[in-house]
Amino acid sequence: MIGDIMAISRMRMATDGEGVSTLVGFYDCLLHCKYCINDACHKSKNYYTSTPRGAYTPKELMKILKKDSIYYMMTGGGIVFGGGEPLLQSAFIHEVCRLADPEWKLRIETSLNVPWRLVEPLVEDIDEWIIDIKDINPYIYYNYTKKENKRLTCNLARLIEVVQKEKLRIRVPLIMGFNTEEDVAVSVEWVKKNLDVDTEVFKYYPVKAKEL
Ligand code: SF4
């Protein structure tokens, strides 16, 4: 099994949850956010051969991840799967999680806007689901991502049934030019009412950010 990996970023602190972590960023994403910070993820396949460009087996990836094991264990950190949309490669991630030290924290940063069959393999593996829901208003969501958010809301409802709510970290951005503080408040309230989970509000800016 091969993972199509865009970047591996080691020794990250205070950016992806508690402790020291290694971010594994995957190619591909089904959304097309206006202010995408990792637009390179949309170019996953080699143009001429259609083969993955950042190909790793789970064992090859684990060899790199293990280098910082002592730091993960000392700080409550571990691995963060991001992207792109990591859930598009959930079968690969599941294999990596099976090889991970049980003391590492395993986190995923996702839009959760993928078919449920791609979420399910990781339900038992992931310690923290960091989910950026953009905006709960379908029109705002579509305007910003060019995708509908029905699948996201359905997946949230299913996920809360199978994982402890303490494992969910829901993020709601204020997106300049797309939603307002009032819209953000509506999203925050929707999450509280439907999932009984607190949210983290943050801001997107219309800047061309650096890739991973
Ligand atoms: S979900 Fe993330 S990777 Fe995907 S288009 Fe939006 S910002 Fe880019």
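**Aromatic contacts, salt bridges and ligand surroundings**

Y35, Y144, F178, F202 and Y204 form a single aromatic cluster in this predicted model. The ring of F202 is also covered by a charged side chain: R171 lies over its face, at 3.9 Å from the ring centre.

Across the whole structure, 8 aromatic pairs are found. One of them joins F26 and F81 in a tilted arrangement, with 6.4 Å centre to centre and 40° between the planes. This pair links distant parts of the chain, since F26 belongs to strand 2 (residues 20–26) and F81 to strand 4, 55 residues apart. Both F26 and F81 are buried. F26 also pairs with F92, here edge-to-face, at 6.0 Å centre to centre and 75° between the planes. Because F26 lies in strand 2 and F92 in helix 3, this second pair ties together parts that are 66 residues apart in sequence. The relative accessibility of F26 is 0%, which counts as buried, and F92 is likewise counted as buried, at 2%.

The count of salt bridges comes to 11. R107, E128, R169, R171 and E200 are linked in a network of such bridges. Within this network, the side chains of R169 and E200 meet with an N to O distance of 2.5 Å. The two residues come from distant parts of the chain, R169 from strand 7 (residues 168–175) and E200 from strand 8, 31 residues apart. R169 counts as buried at 18% relative accessibility, whereas E200 is partly exposed, with a relative accessible area of 28%. E200 forms a further salt bridge with R171, the closest N and O atoms being 3.2 Å apart. E200 lies in strand 8 and R171 in strand 7, so this bridge ties together parts that are 29 residues apart in sequence. R171, the residue placed over the face of F202, counts as partly exposed at 24% relative accessibility.

A salt bridge within one helix is formed by R98 and E95, whose closest N and O atoms are 4.0 Å apart. The two residues are 3 apart in helix 3 and therefore separated by about one helical turn. R98 is exposed, with a relative accessible area of 59%, while E95 is partly exposed at 27%.

The ligand is surrounded by C29, L31, C33, C36, C41, H42, G84 and K134. This shell divides into 5 nonpolar residues, 2 polar and 1 charged. A search of the whole structure finds 0 disulfides. The sulfur of C41 has its closest cysteine sulfur in C36, but the two are not bonded because their separation of 4.9 Å is too far for a bond. C41 counts as buried, at 2% relative accessibility. G84, another residue of the shell, is found in the loop between strand 4 (78–83) and helix 3 (90–99). The peptide bond from G83 to G84 is cis, with omega near 15°.

Two residues have backbone angles of note. M11, in strand 1 (residues 3–13), has a positive phi of about 55° although it is not a glycine. M11 is partly exposed, with a relative accessible area of 41%. D196 also has a positive phi of about 55° without being a glycine. D196 is found in the loop between helix 7 (181–195) and strand 8 (199–204), and counts as partly exposed at 40% relative accessibility.

Key. Residues are numbered from 1 along each chain as its sequence is written. This is a predicted model: local features need pLDDT of at least 70, side-chain atom pairs count only at pLDDT 80 or more; totals for chains, interfaces and linings use all residues. Side-chain values use heavy atoms; hydrogens and water are left out. A residue is near a molecule or strand if one of its heavy atoms lies within 4 Å of it. Ala, Val, Leu, Ile, Met, Phe, Trp, Tyr, Cys and Pro count as nonpolar, Asp, Glu, Lys and Arg as charged, and the others, Gly among them, as polar. Helices (H or I, at least four residues) and strands (E, at least two) are DSSP runs, numbered from the N terminus. Buried means under 20% relative accessible area, exposed over 50%, partly exposed in between (1.4 Å probe, protein chains only). A disulfide is a pair of cysteine sulfur atoms within 2.5 Å. Rings of Phe, Tyr and Trp (its six-membered ring) pair if their centres lie within 6.5 Å; planes under 30 degrees apart count as stacked, over 60 as edge-to-face and the rest as tilted. A charge sits over a ring if NZ of Lys or CZ of Arg is within 6 Å of the ring centre and within 35 degrees of the ring normal.
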